[in-house]
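User: I am new to this structure and would like a close look at a single part of it. Please take one buried charged residue as the starting point and work outward from there.

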Amino acid sequence: MKSDHIIQIINEDLCVGCGTCVSICPNEALDIIIDKNKGIYIPKFNEKICNNCKTCLKVCPMYRFNLDSRNIPKDKKAENYLLGHFFNCYIGYATDVDIRYNSSSGGLITQLLIFALENKIIDGAIVTKMKKDNPLEPETFIARTKKDIIESSKSKYCPVPLNIVLREIINSKEDEKFAIVGLPCHINGIINAEKINKKLKDKIIIKFGIFCNHTPNFLATELYLEKKGIKKEKINKLEYRGDGWPGYMNIHLKDKSKINVPLPEYWHFIGSKIFYSKFCFMCQDATSESADISFGDAWLPEFMDDHIGTSIMISRTETGEKLLKMNKLENKIKLNKVNNNEVIKSQLEMLYVHKILNFRTKELLKHYNLFESNYLDFIIASLSFFNNYIFQFSFSMKVLKYMPFQIIWFYNTFFNTIYSIRARRN
Ligand SMILES: Cc1cc2nc3c(=O)[nH]c(=O)nc-3n(C[C@H](O)[C@H](O)[C@H](O)COP(=O)(O)OP(=O)(O)OC[C@H]3O[C@@H](n4cnc5c(N)ncnc54)[C@H](O)[C@@H]3O)c2cc1C
């Protein structure tokens, strides 16, 4: 077995299953599969074809925690320590009420993609929908029509091997240009891949990044449905968001009936710390810092009664700013510039976990500076790390099957409360 290989990342439980290595491997020695025990995507590796060129490691967003290479200032008080580099922060939504109501939050991603497509800025957008023949699995594809883009709107709270589509981009027609929508790990994988493949750099002209606390694994949704008594085989279509804000999980059954569960209710289970993988916990990029524009939900008191949906948006590059300043876009989206503190306020717990706790965990792992300062964060980091550790065993999942919802709710509330208290203190 080759040691300097993507297998090393998989063995350390750090593979996010983004699919970058699968697309970029010059020998096509990798494929993507679902690890049924862990409920995540991992690359399957054909040792006979591999010539140990290490390209897979070079593009991996988790190799040697490549995320550190983004020049995050060491001083946490630096202006952009929490959010990364940015030009402007906005709060807004798509003016088309249907798009806004049927998206995750304000429908800005969907509207901006439609605008870019209709104005021939791009020929297609790399987006993700749920599979028709397997409604619990995602499918990334190149959307080339408004209908395709609308079909792919809304967040998918399950693993997505987005970057397996990069091979299709590389092989697309010479002059075609694309936009891509992805989580921080996807975007960081693409940026690594662009360093190796110039075609990708020329073809992907705009990157939309999504804020991301973490991606729940497949076991989260499967176990939730099982506990609700909903059989997988009876599901025709599953949507994690939609029908306004914060929206519902809409489970469309084959008998044409529909079950909808409000986000706060199902997120306590699916989004709980139980299904929080080690790679997500170690990730230090919460707001897609490498994207041209990043998007999140406006989790602020003044928007809690807005039942249609409002997004938070950060423009980070000149490409992003140029798109937002286009005249024709004016009546398509409504935007208000806001201070970056508003963005921080809306994402306190997420930023605490990824920017402060992770830092502590890494120090903890390196066995230095232990308890030197902020010992409470060290303790919380150790607890969270222990939590990650125990839930990677299939035995834990078996126990969870029999655990009542209330205990899981209590477990999750415990973590949320300590994160919330520490986030406000930090
Ligand atoms: C796993 C995950 C975790 C998130 N965590 C947070 C958080 O902690 N805080 C926060 O404020 N917001 C978070 N978000 C972002 C939020 O849910 C919305 O995606 C964001 O507000 C954009 O809203 P919108 O209405 O503009 O998007 P829409 O117009 O509905 O468009 C959504 C776009 O995202 C793409 N997409 C959806 N899911 C995925 C996925 N898993 N991987 C790649 N592409 C995808 C779709 O293809 C579509 O193009 C998370 C999203 C995901 C998927």
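Analyst: K203 sits in helix α9, which covers residues 198-203. The model is a predicted one. K203 is buried, yet it has no salt bridge. The nearest side chain of opposite charge belongs to E176, 5.4 Å away. A salt bridge needs a side-chain nitrogen of Lys or Arg within 4 Å of a carboxyl oxygen of Asp or Glu, and the 5.4 Å to E176 is the distance to set against that limit. What the side chain of K203 does have is a polar atom 2.5 Å from the backbone oxygen of K173.

The surroundings of K203 can be listed. With neighbours up to four places away in sequence left aside, K203 is in contact with I169, I170, S172, K173, E174, E176, K177 and F178. Both K173, whose backbone oxygen was named above, and E176, the nearest opposite charge, are in that list.

E176 has a partner elsewhere. E176 forms a salt bridge with R144, and the closest N and O atoms are 2.9 Å apart. E176 lies in the loop between α7 (166-170) and β6 (178-182), while R144 lies in the loop between β5 (138-143) and α6, so the pair ties together parts that are 32 residues apart in sequence. The two ends of this bridge can be described by their cover: E176 is buried, with a relative accessible area of 10%, and R144 is partly exposed, at 39%.

The bridge between E176 and R144 belongs to a wider set, as the structure holds 21 salt bridges. One of them pairs E151 with K129, with 3.9 Å between the closest N and O atoms. This pair links distant parts of the chain: E151 is in helix α6 (residues 146-151) and K129 in strand β4, 22 residues apart. E151 is partly exposed, with a relative accessible area of 36%, whereas K129 counts as buried at 17%.

Another salt bridge joins the side chains of E194 and K207, at 3.1 Å from N to O. Here too distant parts of the chain are linked, with E194 in helix α8 (residues 184-196) and K207 in strand β7 (residues 204-210), 13 residues apart. E194 and K207 are both buried. Salt bridges that share partners also join K129, K132 and E151 into one network.

Strand β4, which holds K129, leads on to the ligand. An oxygen atom of the ligand is 2.9 Å from a polar backbone atom of T128. A polar side-chain atom of S103 lies 3.3 Å from an oxygen atom of the ligand. In the side chain of R241, an N or O atom is 3.3 Å from an oxygen atom of the ligand. The ligand taken alone exposes 910 Å², of which the protein buries 97%. The elements that give two or more residues to the shell around the ligand are α5 (108-118), β4 (124-130) and β11 (293-297). There are 35 residues around the ligand, and those that come nearest are S105, G107, T110, S155 and D297.

Helix α5 is largely enclosed by the rest of the structure, because 10 of its 11 residues are buried. The buried residues of α5 include T110, along with L108, I109 and Q111. T110 is also one of the residues that come nearest to the ligand.

Just after α5, K120 takes a positive phi of about 55°, and K120 is not a glycine. K120 is found in the loop between α5 and β4. K120 is exposed, with a relative accessible area of 73%, whereas K203, the starting point, is buried.

A further loop, between β8 and β9, holds D243. D243 has a positive phi of about 60° although it is not a glycine. P246 lies in the loop between β8 and β9 (248-253). The peptide bond from W245 to P246 is cis, with omega near -5°.

One more lysine can be set beside K203. K232 is found in the loop between α10 (218-227) and β8 (235-239). K232 counts as partly exposed, at 44% relative accessibility. Not counting residues up to four places away in sequence, K232 touches L136 and E222.

Technical notes
Residues are numbered from 1 along each chain as its sequence is written. This is a predicted model: local features need pLDDT of at least 70, side-chain atom pairs count only at pLDDT 80 or more; totals for chains, interfaces and linings use all residues. Side-chain values use heavy atoms; hydrogens and water are left out. Helices (H or I, at least four residues) and strands (E, at least two) are DSSP runs, numbered from the N terminus. Buried means under 20% relative accessible area, exposed over 50%, partly exposed in between (1.4 Å probe, protein chains only). Lys and Arg count as positive and Asp and Glu as negative; His and the chain ends are not counted. A polar contact is a pair of N or O atoms within 3.5 Å; within protein, one must be able to donate a hydrogen and the other to accept it, and residues adjacent in sequence count only if both atoms are side-chain atoms. Contact means heavy atoms within 4.5 Å. A residue is near a molecule or strand if one of its heavy atoms lies within 4 Å of it. Accessible areas come from the Shrake-Rupley method with a 1.4 Å probe; for residues, only the protein chains shown count as cover.
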